[in-house]
Amino acid sequence: MDQLIEFIANRWYLVGGFVIVLILFVRNEVARGGRSVTPQELVNLVNRDRAVVLDVRDAKEYSQGHIVDAVNVPHAALSTRLSELEKYKSRPIVVACKMGQHAGAAGTTLRKAGFENVARLKGGVTEWLNQNLPTVKG
C-alpha cells in the first residue's frame, strides 16, 4: 500500500491525466445519448410538444406496464427497426428503459440515424413508477 501511495505521489500528473480523460469520456457519452428529462418534464413535453416516448425494454417488460402511448422497440432490435420511427423524426423523442442504462446508447443510435431532438428519461420507467405516474398494461 505504501508503494502505491508513493507511486501516485511521484506521478500525480499521470493520475490527474487519467481522471481528466475519464471525466471527458463520461461527459461525451452522456452528451451523445441526449439530455436527461425528469418524469415531470416528460409529461410537459408530451402535452406541449407532442413528444414520443420510445420504450426500449423487451416486449415482456413493456407488456407488464408502460407509459401511455409509448412506442416499444427493444434496445437489441433498435438499429434494425429504425424505419418504424421515421414518422416521428420531426417530433421530440424521449427514450425510456428500465432504469436508464440503455437509454443513452439508444439515444446515440437515434442521433446517428438523423433524429435531432432526442432525450432520455432520467431514472427510466422505474423512476416513473416511483413517482406514481400512470402506466398501462398489455
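## Reading a predicted chain, feature by feature

User: Which residue lies over the face of F115?

Analyst: K89 lies over the face of F115, at 5.3 Å from the ring centre. Keep in mind that this is a predicted model. For a charge over a ring, you check how far the charged atom sits from the ring centre, with a limit of 6 Å, and its angle to the ring normal.

User: And how many aromatic pairs does the structure hold?

Analyst: Zero. For that you'd look for ring centres within 6.5 Å of each other, and the structure has no such pair.

User: Let's step back. How many helices and strands are there in the protein chain?

Analyst: Six helices and seven strands. Reading from the N terminus, the order is α-α-β-α-β-α-β-β-β-α-β-α-β.

User: What is the radius of gyration of the protein chain, and what would a compact globule of 138 residues have?

Analyst: The idea is to set the chain against a rule for a globule with that many residues. Here the protein chain has 19 Å, whereas a compact globule of 138 residues would be near 14 Å. The C-alpha trace spans about 60 × 35 × 30 Å along its principal axes. As for burial, 34% of the 138 residues count as buried. The chain exposes about 8600 Å², with carbon and sulfur atoms supplying 57% of that area.

User: What share of the contacts with a separation of 6 or more comes from residues 24 or more positions apart?

Analyst: That share is 69% in the protein chain.

User: Now R57. Is R57 buried or exposed?

Analyst: Compare the relative accessible area with the cut-off: under 20% is buried. R57 has 8%, so R57 is buried. You'll find R57 in the loop between strand 2 (52-55) and helix 4 (59-64).

User: What does R57 touch, and which side chain does its own side chain make a polar contact with?

Analyst: The side chain of R57 makes a polar contact with the side chain of D55, at 2.8 Å. Leaving aside residues up to four places away in sequence, R57 touches Y62, G65, H66, N72, P74, A96, C97, K98 and V125.

User: Last one: where are D69 and N132, and what are their phi values?

Analyst: For backbone angles, look at the sign of phi and whether the residue is glycine. D69 is not a glycine, yet has a positive phi of about 65°; D69 sits in the loop between strand 3 (66-67) and strand 4 (71-72). N132, also a residue other than glycine, has phi near 55°, and its loop runs between helix 6 (124-130) and strand 7 (135-136). D69 has a relative accessible area of 70%, so D69 is exposed; N132 is exposed too, with 70%.

Note on methods: Residues are numbered from 1 along each chain as its sequence is written. This is a predicted model: local features need pLDDT of at least 70, side-chain atom pairs count only at pLDDT 80 or more; totals for chains, interfaces and linings use all residues. Side-chain values use heavy atoms; hydrogens and water are left out. Rings of Phe, Tyr and Trp (its six-membered ring) pair if their centres lie within 6.5 Å; planes under 30 degrees apart count as stacked, over 60 as edge-to-face and the rest as tilted. A charge sits over a ring if NZ of Lys or CZ of Arg is within 6 Å of the ring centre and within 35 degrees of the ring normal. Helices (H or I, at least four residues) and strands (E, at least two) are DSSP runs, numbered from the N terminus. Buried means under 20% relative accessible area, exposed over 50%, partly exposed in between (1.4 Å probe, protein chains only). A polar contact is a pair of N or O atoms within 3.5 Å; within protein, one must be able to donate a hydrogen and the other to accept it, and residues adjacent in sequence count only if both atoms are side-chain atoms. Contact means heavy atoms within 4.5 Å. The radius of gyration is taken over C-alpha atoms; the globule rule is 2.2 Å times the number of residues to the power 0.38. Accessible areas come from the Shrake-Rupley method with a 1.4 Å probe; for residues, only the protein chains shown count as cover.
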